Structures are given as structure tokens and as C-alpha cells.
Protein chains: 2
Amino acid sequence: MPTDLPVSYETFWQDERLACAVSAALGVIAGRWKVLILRELLPGAQRFNQLQRALVGISSKVLTEQLRQMEQDGIIHRQDFAELPLRVEYALTPLGRQLHPVLHLMHQWGSDYLARQPQRWEQWVSQDD
Amino acid sequence: MPTDLPVSYETFWQDERLACAVSAALGVIAGRWKVLILRELLPGAQRFNQLQRALVGISSKVLTEQLRQMEQDGIIHRQDFAELPLRVEYALTPLGRQLHPVLHLMHQWGSDYLARQPQRWEQWVSQDD
DNA sequence: CAGGATCCCGTGGGATACTG
DNA sequence: CAGTATCCCACGGGATCCTG
């Protein structure tokens with residue numbers, strides 16, 4: 001039912017439906033590995049195995065799942081070069097690249113949060129640093 | 001949308017551990033009802049039943065869980081007025097209030113996303129409008 | 001190389017009922 | 001009013017092995 005979205009500052013967050021936009025954004029990036037995948041793709045396109053090596057601990061099944069979802073959500077693009085050995089590259093779409101400011105702000109808040117809740121560090125620390 | 005990013009742009013996202021900050025922020029707001037609770041609390045403190053009435057469909061158990069987690073995460077504060085009938089108020093902490101810009105940016109991105117993926121609307125639409 | 005196919009499991013969250 | 005106490009289940013995600 002809600003179609004046009006008046007994204008003005010005054011109406012922000014007033015309307016029930018506007019909350020959905022936040023939930024939608026959340027749904028798109030809330031996967032276990034998605035922000036990490038986004039980070040890997042920020043510098044440029046990456047191949048499947050490059051991603052898998054970067055994301056230490058992820059299985060190929062899960063990586064495939066996350067990539068497929070992100071592709072369906074329109075934030076990454078999958079390019080299959082029909083050649084042997086197989087070569088597939090994943091890259092951010094414009095929409096995906098527009099997540100950068102969001103991630104940046106989340107990072108800022110998160111850093112502040114972690115500084116105040118040091119005991120909560122360990123659950124977010126990557127194993128591979 | 002802000003394509004130009006503020007200050008510490010160089011350090012952002014370079015380090016493994018900086019990704020954790022994003023994941024941490026995500027973990028704090030990723031609950032099924034948390035952004036909705038945040039929105040309810042933005043105008044000011046709310047009582048338990050006020051929240052439950054606003055969040056149509058939530059059970060008291062789940063509401064309690066989400067509130068407890070958010071309290072533990074330091075983004076809301078629980079004030080128990082020891083009086084009868086029982087009265088407990090939940091309010092944002094300063095840290096919680098600092099999520100506002102994050103939510104705002106997520107809302108902007110989400111609106112853009114929903115505009116491009118109209119078929120995905122329904123899964124985010126609230127039932128109570 | 002880039003996945004598919006299976007099997008498996010913890011847990012976030014829902015439904016319902018009860019209580020100080 | 002502001003919660004507990006149980007029971008329950010889907011599903012996101014992990015582990016392992018297989019393939020065009």
C-alpha cells in the first residue's frame with residue numbers, strides 16, 4: 001500500500017511505515033557475514049575463492065547463500081565469465097555502494113559502544129587478526 | 001545521500017577489527033523488534049504496557065527479552081518506580097540516543113531500496129496501519 | 001574453480017497460561 | 001501493571017562430502 005516515500009527530515013520516523021525502511025535495511029545487511037562481504041567488495045570485485053579465503057571460517061555453502069541473498073537484494077552483482085577454469089566475480093552494485101555511509105556511521109557508533117562496553121569485545125573480535 | 005564521508009575516512013574499514021565495530025552495532029539493533037522499540041522511545045520514556053500496545057503482536061515475554069538485552073547493551077535504561085500499581089519506565093540512554101543518526105541513515109537507504117524493490121515491501125510492512 | 005547436496009543443531013522468537 | 005514459566009518451532013548457519 002505505501003508507495004511513494006517522502007524522505008524528508010521532518011517526517012522521518014514519525015510514520016509507522018517509515019520504520020519498515022529501517023527494518024528493510026537491517027534485513028539486507030543482517031546476515032552473519034554480510035557486512036564482512038561488503039567490506040571485502042568495497043575495494044573492488046572479488047572472486048568466490050578470494051572471498052572465502054578472506055572470510056576465515058566460512059563454508060562454501062554459507063558463502064554461496066549469503067552472496068545469493070545479497071544479489072537478490074540488489075546490493076551485489078554476480079558476473080559469470082564463461083571460461084575455464086571457472087571464473088565468477090562479485091561486485092557491489094550502485095545500491096550496494098550506497099551502503100558505505102551507513103556502514104561508516106555504524107562503525108563510528110560501534111566503536112564508541114565497544115569503548116564503553118569493553119567486556120563485550122570478545123564476541124565481536126575476528127579470529128584471524 | 002552523503003557520498004562524501006567525514007573525517008577518519010582513512011582508518012575506516014581498513015583494519016580487521018574495525019569490522020567488529022560494525023558487527024557490534026548490528027548486534028545491538030538486530031533484534032526483531034529493537035528498532036521499533038527505539039522509535040517508540042525516541043520521543044521519551046515509555047511504560048511497559050505502552051510499548052506492548054504500540055508494538056502490535058509482540059508478546060510480553062519477547063518484549064521483556066528485547067528490553068533486557070537493550071538494557072544490557074546500555075542503550076536503554078529501566079527505571080522502576082517502586083509503587084503500586086507497578087510502574088516501570090524505559091528510556092533511551094545517551095548512547096541509545098546516539099543511534100538516531102544511524103537509524104536515520106538506514107532509513108534513507110532503506111527507503112531508496114524499497115523504492116527499487118517494490119516487491120519486497122510486504123515483508124516489512126507493519127500489520128497495524 | 002565455484003559451487004551443490006545432505007545432515008545437523010542452537011537459538012531467537014511465537015503462543016499460551018500464570019503471578020506478585 | 002509488569003512481568004514469569006513452559007512449550008514449541010522455523011531457520012540461519014555450521015560440517016562434511018561431492019561435482020561439472
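This passage walks through the domains, one helix, the salt bridges and the cis peptide bonds of a predicted model.

Start with how chain A is divided. The domain assignment splits it in two, with domain 1 covering 1–30 and domain 2 covering 31–128. The two parts meet through 4 residues of domain 1 and 9 residues of domain 2 that are in contact. The size of an interface is often given as the accessible area lost when the parts come together. For these two domains of chain A, the buried area comes to about 500 Å², and carbon and sulfur atoms give 67% of it. On the domain 1 side, A:Val28, A:Ile29 and A:Ala30 supply 93% of the area buried against domain 2, more than any other three residues. As for polar links, the count between the domains is 0 salt bridges, and 1 residue pair is in polar contact.

Next comes helix α6 of chain A, residues 99–116. At 1.5 Å a residue, its 18 residues should span 26 Å, and the end C-alpha atoms are indeed 26 Å apart, so the two values agree. Quite a list of residues in α6(A) is buried, including A:Leu99, A:Val102, A:Leu103, A:Met106, A:Trp109, A:Gly110 and A:Tyr113. An α-helix has 3.6 residues a turn, so residues three or four places apart point the same way. Histidines turn up in the buried set too, among them A:His100, A:His104 and A:His107.

One residue of this helix is worth a stop. A:Met106 sits in helix α6 of chain A, and it counts as buried because its relative accessibility is 1%, with the cut-off for buried being under 20%. What does A:Met106 touch, leaving aside residues up to four places away in sequence? The answer takes in both chains: A:Ile29 from chain A, and B:Ala21, B:Val22, B:Ala25, B:Leu26 and B:Val102 from chain B. A:Ile29 has come up already, as one of the three residues that supply 93% of the area domain 1 buries against domain 2 in chain A.

Away from the helix, charged pairs take over. A:Met106 and A:Arg87 are 19 residues apart in sequence, and their C-alpha atoms are 33 Å apart in space. Side chains of opposite charge can pair when their charged atoms come close. Over all chains, a search of the whole structure finds 12 salt bridges. A:Arg87 takes part in a salt bridge with A:Glu83, where the closest N and O atoms are 3.3 Å apart. A:Arg87 also forms one with A:Glu89, with a closest N and O separation of 3.4 Å. Shared partners thus join A:Glu83, A:Arg87 and A:Glu89 into one network. Are these side chains buried, exposed or in between? A:Arg87 is partly exposed at a relative accessible area of 23%, and A:Glu83 is partly exposed as well, at 36%. In chain B, B:Arg87 forms a salt bridge with B:Glu89, the closest N and O atoms lying 3.4 Å apart. B:Arg87 is partly exposed, with a relative accessible area of 24%.

Last come the cis peptide bonds. In chain A, A:Leu84 and A:Pro85 are joined by a cis peptide bond with omega about 0°. A:Pro85 lies in the loop between β2 (76–81) and β3 (87–92) of chain A. In chain B, a cis peptide bond links B:Leu84 and B:Pro85, again with omega about 0°, and B:Pro85 is in the loop between β2 (76–81) and β3 (87–92) of chain B.

Note on methods: Residues are numbered from 1 along each chain as its sequence is written. Chains are lettered from A and ligands numbered from 1 in the order in which they are written. This is a predicted model: local features need pLDDT of at least 70, side-chain atom pairs count only at pLDDT 80 or more; totals for chains, interfaces and linings use all residues. Side-chain values use heavy atoms; hydrogens and water are left out. Helices (H or I, at least four residues) and strands (E, at least two) are DSSP runs, numbered from the N terminus. The expected span of a helix is 1.5 Å times one less than its number of residues. Buried means under 20% relative accessible area, exposed over 50%, partly exposed in between (1.4 Å probe, protein chains only). Domain bounds come from an automatic or database domain assignment. Contact means heavy atoms within 4.5 Å. Buried area is the accessible area (1.4 Å probe) that two parts lose on being put together, summed over both. A salt bridge is a side-chain nitrogen of Lys or Arg within 4 Å of a carboxyl oxygen of Asp or Glu. A polar contact is a pair of N or O atoms within 3.5 Å; within protein, one must be able to donate a hydrogen and the other to accept it, and residues adjacent in sequence count only if both atoms are side-chain atoms.
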